[in-house]
Amino acid sequence: MDLNLPVGLANLDGSRSVAATLHAINGWTELHWSHQAAGPDTLSGVLQACLTRLGPHRGAGLTVAVLDQLLPIDHAWLAAKLLRECWGPTQYLSLHCTNPGCGARLDFTLDLDAIEPPALSPADLEVALAVGGGLRFAWPGVADLAALEGLDEAAQGAELFRRCWRADPDRIFAPPPVLDADERVMLARALKAGGPRLDLTMALECAECGASWGLPFDPVGRVRDLLRDSAGRLHREIHLLAWNYGWSRREILSLSMPERKIYLALISDQLRDDPKRG
Ligand SMILES: [Zn+2]
């Protein structure tokens, strides 16, 4: 599917590349990521396998490093589209009521087709902060945020300053301003917490006790969870398809996830009509 990212990749001339082409993952990608420890870097690896175009990047030029330049909102948007392509438009979710003393199970659905892209202006992509006297910063991308791991807040501020500060074009040769420790902490807190976000908060109400609350849906975490839990199911599906069609493991894993589901549904229909087969 062709899609446009909410923010996109920044180009040198100040424009942004938002066009991307995304395909459903196949069994090889599913198998690979089902065996990885689900970490913050999972999504870029998965996206590398299923994006064929992102702005000017195609094929081998579409690296994890390029994908990590994107802002978290673009990762969330791509993850929501990937969920739609691979697992269908309706997400089936369940949790237990958060009201202490209730704990009833709630089953609910999320319609991925109903998610609208956020309307953003160029002003949303840069922020002026009082630290150091009105300095301008770009919001941190996925790689910028990952680089903060293990650093204290002052060191995080220094790292974000290095990565995200936008020098005044009229004073491009002036030395960068020096922030004190308090200002670096302030900078780290502002840049980590701010920035455009994809707000997918679902309004939930418990039928048992009447409690209501908002639950934020995280598409990136959802992709990670579904892939992590897929290994056992994938092996059963390979077995079913090999048994019924005589295909090799290589052929089955090369099918896209939606293609595989079509054949599994056909086998399921046939078993229902004629239980003695299969
Ligand atoms: Zn309840």
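Begin with the open sheet of four strands in this predicted model: its order is β1-β2-β3-β4, and the pairing is antiparallel. Select β1 (2–10) and β4 (57–58), which stand at the edges of the sheet. Each has a single partner strand, so one side of each is left without a neighbour in the sheet.

Next, display strand β3, residues 51–54, together with β4. The two run antiparallel and are joined by two bridges. To locate one position within this pairing, select Leu54 and His57: His57, in β4, is the bridge partner of Leu54.

Keep β1 in view and add β2 (16–22) and helix α4, residues 72–87. The helix lies across both strands, and its direction is at about 160° to that of β1.

Now move to the open sheet formed by three strands, where the order is β7-β8-β9 and the pairing is again antiparallel. Colour β7 (126–129) and β9 (165–166) as the edge strands, since each pairs on one side only. Then select β8, residues 135–138, whose antiparallel pairing with β9 extends over two bridges. Within these strands, show the side chains of Phe137 and Trp165: Phe137 stands opposite Trp165, which belongs to β9.

Finish at helix α9, residues 231–245. Its 15 residues reach 21 Å from the first C-alpha to the last, close to the 21 Å expected at 1.5 Å a residue. What phi does Gly246 take just after α9? Selecting Gly246 shows a positive phi of about 75°.

Notes:
Residues are numbered from 1 along each chain as its sequence is written. This is a predicted model: local features need pLDDT of at least 70, side-chain atom pairs count only at pLDDT 80 or more; totals for chains, interfaces and linings use all residues. Two strands pair if DSSP finds at least two bridges between them. The expected span of a helix is 1.5 Å times one less than its number of residues. Two residues are in contact if their C-beta atoms, placed from the backbone, lie within 7 Å. Axes are lines fitted to C-alpha atoms, for helices over the stretch in contact, and angles run from 0 to 180 degrees between N-to-C directions.
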